[in-house]
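Me: I should like to learn how to read the features of a protein and nucleic acid model. Could we work through one together, beginning with the contacts to the nucleic acid?

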Protein chains: 2
Amino acid sequence: MNNKPAVEIYSDGACSGNPGPGGWAAVILINGKRTELSGGEQQTTNNRMEILAALNALRALKQPSQVTFYTDSSYLLNGATAWLPEWKQRNWKRKKGKLANIDLWQELDRALSEHEVKWVWVRGHAGNALNEYVDQLARAAIPHY
Amino acid sequence: MNNKPAVEIYSDGACSGNPGPGGWAAVILINGKRTELSGGEQQTTNNRMEILAALNALRALKQPSQVTFYTDSSYLLNGATAWLPEWKQRNWKRKKGKLANIDLWQELDRALSEHEVKWVWVRGHAGNALNEYVDQLARAAIPHY
RNA sequence: CGACACCAUUUUAU
DNA sequence: ATAAAATGGTGTCG
């Protein structure tokens, strides 16, 4: 048994130009209740927005939860599951070159440690309704002017 | 001052099916005089037709000229201005995958070197009279059945 | 080399 | 208004 509430999260990032203006969004489902969040930045990258989407979604949780996290980004998924532990062991270094987006990865690492997260990869633009929905939300959150 | 004649060229390609039967066309303006050319192929792609339109237009010039070249194809424009120099430096390789339409790009490169070309991008179907006209010419040049 | 994502333009189809 | 092909780019990792 588990006393932590079960949560589903769908998140996505978008970036017009890459690098360029970007947006992120997440849908959080807690036993029937649905919450949406989104935001944007003037100058960023697609991958930063993917991490930020996940980070903000996890931060929105009020208590330690059992999360099923859906993303189409293998960068986010592999980073959070496979690469993060290795980077930490190596003092936040990657094998070759400079580790990008350390700031966000470190904050995500902390956020992840407060929950029990099971990651699920979904192929982008392949018919998953909520994945397509957060994709739209993220695009809509790109700053215009 | 410049002794080369000033020339304006509008070109466009069209393709019925992509890949499929395609057509290309160009309008050349030399101080009031107007020349039109067009042609088609049974099996080609939209982008091959865009390059071919430019190539045939430049080849129609009788002497080294100062050309203002109008196109609605960012593929053609980026290729001719930004990508071509990099491809040449890398021995006609692109960064990832196989470089498409090398044959035409190499011929276009040679043709471009004989003139002084200033590229102008025009948004397709946005009211530019000559752009819309070459568009029609190109469609009309598509071989039927 | 591979993978996923993000994007730009054109060309089409319904 | 939908969706897909033809082409190119960067962002990131192993």
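Reply: We may begin with one contact: a polar atom in the side chain of A:Thr45 lies 2.4 Å from a phosphate oxygen of DNA strand D. The model is a predicted one. A second contact of this kind involves A:Arg94, with a polar side-chain atom 2.3 Å from a phosphate oxygen of DNA strand D. For A:Lys95, an N or O atom of the side chain is 2.9 Å from a sugar or linking oxygen of that strand.

Me: Which elements give two or more residues to the surface near DNA strand D?

Reply: They are α1 and α2 (74-89) of chain A together with α1 of chain B.

Me: How many residues surround DNA strand D, and which are the closest?

Reply: A residue counts as near a strand if one of its heavy atoms lies within 4 Å of it. Here 27 residues surround DNA strand D, and the closest are A:Thr45, A:Arg94, B:Thr45, B:Arg94 and B:Lys95. Of the atoms of DNA strand D that come within 4 Å of the protein, 89% belong to sugar and phosphate. By class, the residues of this surface divide into ten nonpolar, ten polar and seven charged.

Me: How should the surroundings of RNA strand C be read?

Reply: The same steps may be followed. RNA strand C is surrounded by 36 residues, with A:Cys15, A:Asp72, A:Arg123, A:Gly124 and B:Asp72 the closest. Sugar and phosphate make up 91% of the atoms of RNA strand C within 4 Å of the protein. The surface near RNA strand C has six nonpolar, 17 polar and 13 charged residues. Both chains take part: β1 (6-15), α1 (46-59) and α4 (129-140) of chain A, and β1 (6-15), α1 (46-59) and α4 (129-140) of chain B, each supply at least two residues.

Me: Which atoms approach the phosphate oxygens of RNA strand C?

Reply: One should ask whether the backbone or the side chain is concerned. At A:Gly124, a backbone N or O atom lies 2.9 Å from a phosphate oxygen of RNA strand C. At B:Arg139, a polar side-chain atom lies 3.3 Å from a phosphate oxygen of RNA strand C. At A:Asp135, an N or O atom of the side chain is 3.4 Å from a phosphate oxygen of RNA strand C.

Me: In what order do the strands of the sheet in chain B stand?

Reply: A sheet is read by strand order and by the sense of each pairing. In chain B, five strands form an open sheet in the order β3-β2-β1-β4-β5, with mixed pairing. Strands β3 and β5 (116-121) of chain B stand at the edges with a single partner strand each, so one side of each is left without a neighbour in the sheet. From one strand to the next, the twist averages 20°.

Me: Which pairings are parallel and which antiparallel?

Reply: β1(B) and β2(B) run antiparallel and are joined by nine bridges; within this pair, B:Tyr10 stands opposite B:Val27. β2(B) also pairs with β3 (residues 33-44) of chain B in the antiparallel sense, over ten bridges. There, B:Ile30 has B:Lys33 as its bridge partner. By contrast, β1(B) and β4(B) pair in the parallel sense over five bridges, with B:Glu8 bridged to B:Thr68. As for cover, nine of the eleven residues of β2 (residues 20-30) of chain B are buried. Helix α2 (residues 74-89) of chain B lies across β1, β4 and β5 of chain B, at about 145° to β5(B).

Me: Is B:Ser65 buried or exposed?

Reply: Relative accessible area under 20% means buried. B:Ser65 counts as buried because its relative accessibility is 2%. B:Ser65 is placed in the loop between α1 and β4 (66-71) of chain B, and its side chain reaches the backbone oxygen of B:Gln63 at 2.7 Å. Beyond its neighbours within four places in sequence, B:Ser65 is in contact with residues including B:Lys4, B:Val7 and B:His115.

Me: Which backbone features in the loops of chain A deserve attention?

Reply: Phi and omega are the angles to inspect. A cis peptide bond, with omega about 0°, joins A:Asn18 and A:Pro19; A:Pro19 is in the loop between β1 and β2 (20-30) of chain A. A:Asn31 is not a glycine, yet has a positive phi of about 25°, and A:Asn31 is exposed at 73% relative accessible area. A:Asn101, also not a glycine, has a positive phi of about 60°, but A:Asn101 is buried at 15%.

Notes
Residues are numbered from 1 along each chain as its sequence is written. Chains are lettered from A and ligands numbered from 1 in the order in which they are written. This is a predicted model: local features need pLDDT of at least 70, side-chain atom pairs count only at pLDDT 80 or more; totals for chains, interfaces and linings use all residues. Side-chain values use heavy atoms; hydrogens and water are left out. A polar contact is a pair of N or O atoms within 3.5 Å; within protein, one must be able to donate a hydrogen and the other to accept it, and residues adjacent in sequence count only if both atoms are side-chain atoms. Helices (H or I, at least four residues) and strands (E, at least two) are DSSP runs, numbered from the N terminus. Ala, Val, Leu, Ile, Met, Phe, Trp, Tyr, Cys and Pro count as nonpolar, Asp, Glu, Lys and Arg as charged, and the others, Gly among them, as polar. Buried means under 20% relative accessible area, exposed over 50%, partly exposed in between (1.4 Å probe, protein chains only). Contact means heavy atoms within 4.5 Å. Two strands pair if DSSP finds at least two bridges between them. Axes are lines fitted to C-alpha atoms, for helices over the stretch in contact, and angles run from 0 to 180 degrees between N-to-C directions.
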